[in-house]
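Visitor: I have a structure to look at and some questions about it. Could you walk me through it?
Guide: Gladly, here it comes.

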Amino acid sequence: LPAIFEPARPVLQQIENAGYEAYFVGGCVRDTILGDHIHDIDIATSAYPSEIKQIFKRTVDTGIEHGTVMILDHGEGYETTTFRTESGYQDFRRPDKVTFVRSLSEDLKRRDFTINALAMKENGQVIDLFDGLSDLKKRLIKAVGDPEARFHEDALRMMRAVRFASKLDFAIDPATVTGIQDNASLLEKIAVERTQVEMEKLLLGQNPPRGLKAMINTGLYQYCPDLSDHEAGLQRLAQCTHWPLTTNKAAWGALLFAIGISAKQSSRFLRDWKLSNDLISAERAILIFLKCAVDQKVTAWDLFECGQNNLDAASEIALLFDFDQGEVKSWHDQYQQLAIHDRHELAINGGQLLKNTSLTPGPKMGKILDRLLRDVVAGKVANSAPALLKYSEQLINQGDL
Ligand code: ATP
Ligand code: MG
């Protein structure tokens, strides 16, 4: 049993001592067997939420209506979910009814893929009712039971299939691929926020081309926001070789760049994907910068406007699209050498301008400050108060602002 499970073992033992079953389930079991890093531990139990709360003094109701209670133990929180079945799914996205059950097999049956339907006892013994271990070995994503029915129940599972293909670098089982092909349009029933999460994980996975090709081959991309006209662009992205990307900025930027969305069009696209305003403004900066890079005219000002963080993302995208490595490195070197990296670093402000030059209050002041900023960044004038005041006086006298 990997070390990360150790602190959770006593929690499972305590539930068992009270006469219930408890298992590690889902992604943490899958990733352990694959030898991958585990980011969170999920526990499934036959105990009802009220019973869990009797066993443990300190709990938090994180999602009690779905059966999830967080157990607090030695400063750690453990998400524990009661075995449950789901039924209804009238709207292709969420069950009309969740029923708590006492049987592990019922709970595993409702899970999406065989590799996600493994459970592990506190002693490390794996419960494998759907041949998930064999599919892990074969590196295969396969729906539990009838793919068609499973995608009807919850259409998000189709996006999850393609994101796991990328994340784990697994193939998708042929019958599951067919199930996606036949039901792709149901993805439109799913809240965009949820599709967005899967898309981002796909782009940040181990093998995004694998997930992207599956999206293209199954037609799933046609039911994602604003992608239906962009098969060629998605193909272009799937042809890239220098993966992985490491940040969400790089991920969405690479998608936008690949499908040829301009800085101006990008807000609309990202808004349709329900992404945050922060990300939207970052992507605009990234796309503006990449356009300069494509046109081979990156200036100090372009680097300054882009900023370190966005420049890192732009660089990842540039390398993904086979820009010259030396050129990408030179952006960073040039960026480091900029006299200032933020407008607040300018050595004088408006008040000092008024006090020490012939300038009178008015709109001209903002213009001069903008010009000073540009010229400091361009290296035309030193960023020191005396130099800037002298330079400002010249600008005022020239009157060519
Ligand atoms: P990740 O490493 O991305 O967290 P994960 O497998 O843990 O992968 P989660 O979304 O955290 O994925 O879900 C935990 C588990 O819950 C899954 O392994 C799966 O068993 C089950 N599950 C999650 N979403 C669904 C779904 N839409 N349909 C069926 N089962 C699901
Ligand atoms: Mg998880």
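Visitor: In which loop does Pro-244 lie?
Guide: First, a word on the model: it is predicted, so local features need pLDDT of at least 70 and side-chain atom pairs count only at pLDDT 80 or more, while totals for chains, interfaces and linings use all residues. Residues are numbered from 1 along each chain as its sequence is written, chains are lettered from A and ligands numbered from 1 in the order in which they are written, and side-chain values use heavy atoms, with hydrogens and water left out. Helices (H or I, at least four residues) and strands (E, at least two) are DSSP runs, numbered from the N terminus. Pro-244 lies in the loop between α11 (231-239) and α12 (248-258).

Visitor: What is the peptide bond from Trp-243 to Pro-244, cis or trans?
Guide: The angle to look at is omega, which is near 0 degrees for this bond. The bond from Trp-243 to Pro-244 is cis.

Visitor: What is the phi of Arg-139?
Guide: Arg-139 is found in the loop between α5 (132-138) and β10 (140-141). Its phi is positive, in a residue other than glycine, with a value near 55 degrees.

Visitor: In what order do the seven strands form the open sheet?
Guide: Two strands pair if DSSP finds at least two bridges between them. The pairing in this sheet is mixed, and the order is β3-β4-β5-β2-β1-β8-β9.

Visitor: Which strands stand at the edges?
Guide: An edge strand here has a single partner strand, so one side of it is left without a neighbour in the sheet. That holds for β3 (59-63) and β9 (126-127).

Visitor: How many bridges join β4 to β5?
Guide: β4 (residues 68-73) and β5 run antiparallel. Across the pair, Val-69 has Thr-80 as its bridge partner, Leu-72 stands opposite Gly-77, and Asp-73 stands opposite Glu-76. The two strands form a hairpin with two residues between them, where His-74 in the turn has a positive phi of about 50 degrees. The number of bridges joining β4 to β5 is six.

Visitor: Which residue takes a positive phi in the hairpin of β3 and β4?
Guide: Three bridges join these antiparallel strands, and Val-60 has Met-70 in β4 as its bridge partner. Four residues lie between the strands, and the one with a positive phi, near 95 degrees, is Gly-67.

Visitor: How do β2 and β5 run, parallel or antiparallel?
Guide: Four bridges join β2 (residues 42-45) to β5 (residues 76-82). In β5, the bridge partner of Thr-45 is Thr-82. The two strands run parallel.

Visitor: Now to the ligand. Which side chain has an N or O atom 2.7 Å from an oxygen atom of ligand 1?
Guide: A polar contact is a pair of N or O atoms within 3.5 Å. Arg-111 has such a pair with a ligand oxygen at 3.0 Å, and Lys-167 has one at 2.9 Å. The pair at 2.7 Å belongs to Arg-163.

Visitor: How much of ligand 1 does the protein bury?
Guide: Accessible areas come from the Shrake-Rupley method with a 1.4 Å probe. Taken alone, ligand 1 exposes 580 Å², and the buried part of that is 82%.

Visitor: Which element gives the largest share of the shell around ligand 1?
Guide: There are 16 residues around ligand 1 (each with a heavy atom within 4 Å of it), and among those that come nearest are Arg-30 and Asp-154. The elements that give two or more residues are α2 (27-34) and α7 (156-168). The largest share, five residues, comes from α7.

Technical notes
A polar contact is a pair of N or O atoms within 3.5 Å; within protein, one must be able to donate a hydrogen and the other to accept it, and residues adjacent in sequence count only if both atoms are side-chain atoms.
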